[in-house]
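Hi everyone, thanks for making time. Let me put the structure up on the screen, and then we can walk through the ligand site and the empty space together.

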Amino acid sequence: MFNSLQGRSAVVTGGSKGIGRGIAETFARAGVNVVVTGRNQDDIDSAVADLGGLAGTVTGVAADVASPEDCRRVVATATERNGGLDILCANAGIFPSGRIEELTPEDIEQVIGVNFKGTVYMVQAALDALTASGRGRVVITSSITGPITGFPGWSHYGASKAAQLGFLRTAAIELAPKKITVNAVLPGNVITEGLIEMGQTYMDQMAASVPAGKLGEVADIGNAALFFATDEAAYITGQSLVVDGGQILPESPEALADL
Ligand SMILES: NC(=O)c1ccc[n+]([C@@H]2O[C@H](COP(=O)([O-])OP(=O)(O)OC[C@H]3O[C@@H](n4cnc5c(N)ncnc54)[C@H](OP(=O)(O)O)[C@@H]3O)[C@@H](O)[C@H]2O)c1
């Protein structure tokens, strides 16, 4: 049904772990040559080792998305290694928790700097290469938290995830003449290294609030991102797709009581 993505070139920021690594695996299975990033070289090396032998290659480069210079270096590396850049998955993100009364200016700056500014810097860095592709794709990993829901401790995080969508809508308009689409995946709670750090109690509570009865897996997000990257999705831009097993749907816990 779908044209092959074999031989396309992608960057997945935050592809060394969690959702990004899942996106990288899904793309590499589809024959896409992927460059994954993160700040920690050991995690990059282990992702690259684990994702070897798929239809597409997976290589890595250490870089901080909060640095515009690093973002330009990532794009230059991907372009050189894989002959151009067709797909940018702006996925790198952090979710430290802090109640409003505790948040310092540094806490706020850090979350906005990585999650929001990092997304913008990566898109800026990738613009020329995605334009040259003639079928450029930007897929942003946002969240249900912020754009749709709230959760105590994540006011700054939720704002950063909603900011990504505000950026996306104008970016989709500005980049449409360059044949670049800009879309977002909004995950619910997905089992990743980052989520596991929140503890088993948190994970059990979250799973109980999902109509599907379980937390998401990284491949669930990878498949949605892959769809946005296809030729067949060329006429879809400025949109967000919630991938959450129905987590945002219940009006109250009673909605799930008799399932
Ligand atoms: N897991 C969930 O339930 C969930 C739900 C909704 C949305 N999300 C979103 O999904 C994305 C990935 O989350 P995850 O759960 O997969 O997190 P994770 O397991 O903690 O992985 C985060 C990835 O981002 C990288 N990263 C963090 N800060 C970075 C920076 N400044 N520069 C470059 N890379 C950086 C990390 O590598 P280094 O630490 O080595 O830099 C790692 O590769 C985030 O945008 C998050 O907001 C996650």
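Which backbone N or O atom lies 3.2 Å from an oxygen atom of the ligand? That atom belongs to Gly-194. I am calling this a polar contact, meaning a pair of N or O atoms within 3.5 Å. The protein covers 94% of the 880 Å² of accessible area that the ligand has on its own, with areas from the Shrake-Rupley method and a 1.4 Å probe.

A word on the ground rules. This is a predicted model, where local features need pLDDT of at least 70 and side-chain atom pairs count only at 80 or more, while totals for chains, interfaces and linings use all residues. Residues are numbered from 1 along each chain as its sequence is written, and side-chain values use heavy atoms, leaving out hydrogens and water.

How about confidence? The protein chain has a mean pLDDT (the predictor's confidence in each residue, from 0 to 100) of 97, and 100% of its residues reach 70 or more. Helix H6, residues 193-196, has the lowest confidence at a mean of 85, and strand E4, residues 87-90, the highest at 99. Helices (H or I, at least four residues) and strands (E, at least two) are DSSP runs, numbered from the N terminus.

H6 also gives the most to the shell around the ligand, three residues. In total, 30 residues surround the ligand, each with a heavy atom within 4 Å of it. Among the closest are Arg-39 and Tyr-157. Two further backbone contacts involve ligand oxygen: Ile-19 at 2.8 Å and Asn-91 at 2.8 Å.

Finally, the empty space. The count is one cavity of 30 Å³ or more, a cavity being a set of points on a 1 Å grid over the protein atoms alone where a 1.4 Å probe fits but cannot get out. The largest cavity has a volume of about 40 Å³, and its lining includes Asn-91, which we just met at the ligand. Helix H4, residues 105-133, gives the most to that lining, with five residues.

Key: A polar contact is a pair of N or O atoms within 3.5 Å; within protein, one must be able to donate a hydrogen and the other to accept it, and residues adjacent in sequence count only if both atoms are side-chain atoms. On a 1 Å grid over the protein atoms alone, a cavity is a set of points where a 1.4 Å probe fits but cannot get out, and a pocket is an open set with protein on both sides within 12 Å along at least five of seven lines; lining residues have an atom within 4 Å of a point. Grid points are joined across faces, edges and corners, and a volume is the space filled by probe spheres set on the points.
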